[in-house]
Structures are given as C-alpha cells and as structure tokens.
Amino acid sequence: MNDETGSVMNFFYQIFPAVCYEKEIPDHFQIPSLYFPPPSVFDENDTVSTFKKVFSLNVKLFHHDSQKAHDHAERIADAVRQVRHAIPLVDQSGADTGESLRISRIETRIGDAGTASIIVQWNSRYWYKREAQPSLETIDFTNGVK
C-alpha cells in the first residue's frame, strides 16, 4: 500500500473507527468494517517535466443494513469536505508528514444488503527520469564567444 492510500485509510478510520481490511475480506468478517482494495490507476498528460497518475479508490463500508452503511459513508465524505478535501499525509509508521493529499472527488453510493461505497479520487505528479547532463562548469568557453 502506498502512503496516499494509507493516509486515506487513516483518515477514514479516525472518523469511523471500525475494523479495516486491505488484502481480502475474510469469510466471517466483522460488522461494521471498512474494506480498502488497491486503487485503480490511470495516467494523464501533465507538464513537460512531470506525468500525472489518477487514483480511484472504491472503499466498501459494511454495516447491519444498507441505510446505516450509507449514513456512515456520507459522514466520512462530509468529514473530507469539511477539511476542504485536503487530508493529512502519513508515512508508513502512521506519523504525520506535515503535507496533505488533495482529494479531487468523493462520492457515496448505497450498495447491496448492508453495504455502501465511498469512491475517492486524487491526482499525484511524478518527475520524468532525466539523463544526467554534463555540468556547464566543466565546459571551457575561451574560443568564439563574443
């Protein structure tokens, strides 16, 4: 799990402290609980120096009935909205990094019996790999310069 997905999981857990599953849902899972599958990722063009990855995370919230599940899902979504879609980033140990993750979209949907979905999207930018260029300090400009 990357730090961004872990940060979303941490924020959701702070609002709705329930059992969180991230690998697979066991046959006899606890209710209420949250399931965090790996996010879907696709790329977009960005700048001449960076590329953008768009993450979409479909979190499932399990409760005793669908309406309760959706109510809690909406409460979590409202908590994200109340912090202006900027949730704190945490590192692998759970410590706050001082930075934040900007959520670009959050949506809730009522699901099958006892479930609701929270769909979270965010963008991340990464630098392109660049070949090492020689430093201009090693080039001698003694000839042909006017």
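What follows is a chat between a student and an author about the core, the helix packing, the salt bridges and some backbone details of a predicted model.

Reader: Let's start inside: which residues touch the most other members of the largest nonpolar core?

Author: This is a predicted model, and in it the largest nonpolar core has 27 residues, among which Val 8, Phe 12, Ile 103 and Ile 118 touch the most other members.

Reader: And which elements give two or more residues to this core?

Author: Two helices, H1 (3-15) and H2 (66-82), do so together with the strands S4 (50-62), S5 (86-90), S6 (96-110) and S7 (115-127). Helix H2 gives the most, with 6 residues.

Reader: You mentioned Phe 12, so what is it in contact with, leaving aside its neighbours within four places in sequence?

Author: With those neighbours left aside, Phe 12 is in contact with Leu 34, Phe 36, Val 59, Ile 76, Val 80, Ile 106, Ile 118 and Val 120.

Reader: Okay, helices now: at what angle do H1 and H2 pack?

Author: H1 and H2 pack at about 115°, and their axes are 10 Å apart, which means that H1 is roughly perpendicular to H2. The contact involves Phe 11, Phe 12 and Ile 15 on the H1 side, and Arg 75, Ile 76, Ala 79 and Val 80 on the H2 side.

Reader: Is the crossing of H1 and H2 left-handed or right-handed?

Author: H1 passes H2 in a right-handed crossing.

Reader: Can we look at Ala 79: is it buried or exposed?

Author: Ala 79, which is found in helix H2, counts as buried because its relative accessible area is 10%, and the limit for buried is under 20%.

Reader: What does Ala 79 touch, not counting residues up to four places away in sequence?

Author: Ala 79 touches Phe 11 and Ile 15 when those residues are not counted. Although Ala 79 and Ile 15 are 64 residues apart in sequence, their C-alpha atoms are 7.4 Å apart in space.

Reader: Different topic: how many salt bridges does the structure hold?

Author: The structure holds 6 salt bridges. In general, side chains of opposite charge can pair when their charged atoms come close. One of the bridges links Lys 52 with Glu 44, whose closest N and O atoms are 3.1 Å apart.

Reader: Are Lys 52 and Glu 44 buried or partly exposed?

Author: Lys 52 is buried, with a relative accessible area of 11%, whereas Glu 44 is partly exposed at 35%.

Reader: Which residues form salt bridges with Glu 107?

Author: Arg 105 forms one with Glu 107, with the closest N and O atoms 3.1 Å apart, and Arg 109 meets Glu 107 in another, at 2.8 Å from N to O. Arg 105 is partly exposed at 45% relative accessibility, and Arg 109 is partly exposed at 46%. There is also a network in which salt bridges that share partners join Glu 74, Asp 78 and Arg 81.

Reader: Last thing, the backbone: where is there a cis peptide bond?

Author: A cis peptide bond joins Ile 31 and Pro 32, with omega at about 0°, and Pro 32 is found in the loop between strand S1 (19-21) and strand S2 (33-35). As background, most peptide bonds are trans, and most residues other than glycine have a negative phi.

Reader: So which residues other than glycine have a positive phi?

Author: Arg 84 is one of them, with phi near 60°, and His 85 is another, with phi of about 65°. Arg 84 lies in the loop between H2 and S5, and His 85 is found in the loop between H2 and S5 as well.

Reader: Are Arg 84 and His 85 exposed or partly exposed?

Author: Arg 84 counts as exposed because its relative accessibility is 67%, while His 85, at 26%, counts as partly exposed.

Technical notes. Residues numbered from 1 in each chain as written. Predicted model: local features only at pLDDT ≥ 70, side-chain atom pairs only at ≥ 80, totals over all residues. Heavy atoms only, no water. Salt bridge = Lys/Arg side-chain N within 4 Å of Asp/Glu carboxyl O. Buried < 20%, exposed > 50% of the residue type's maximum accessible area, 1.4 Å probe, protein only. Core = buried A, V, L, I, M, F, W, Y, C linked by side-chain atoms within 4.5 Å. Helix = DSSP H or I, 4+ residues; strand = E, 2+ residues; numbered from the N terminus. Contact = heavy atoms within 4.5 Å. Axes fitted to C-alpha atoms, helices over the stretch in contact; angles between N-to-C directions. Parallel < 35°, antiparallel > 145°, perpendicular 65-115°, else oblique. Left-handed = near helix turned anticlockwise from the far one by under 90°.
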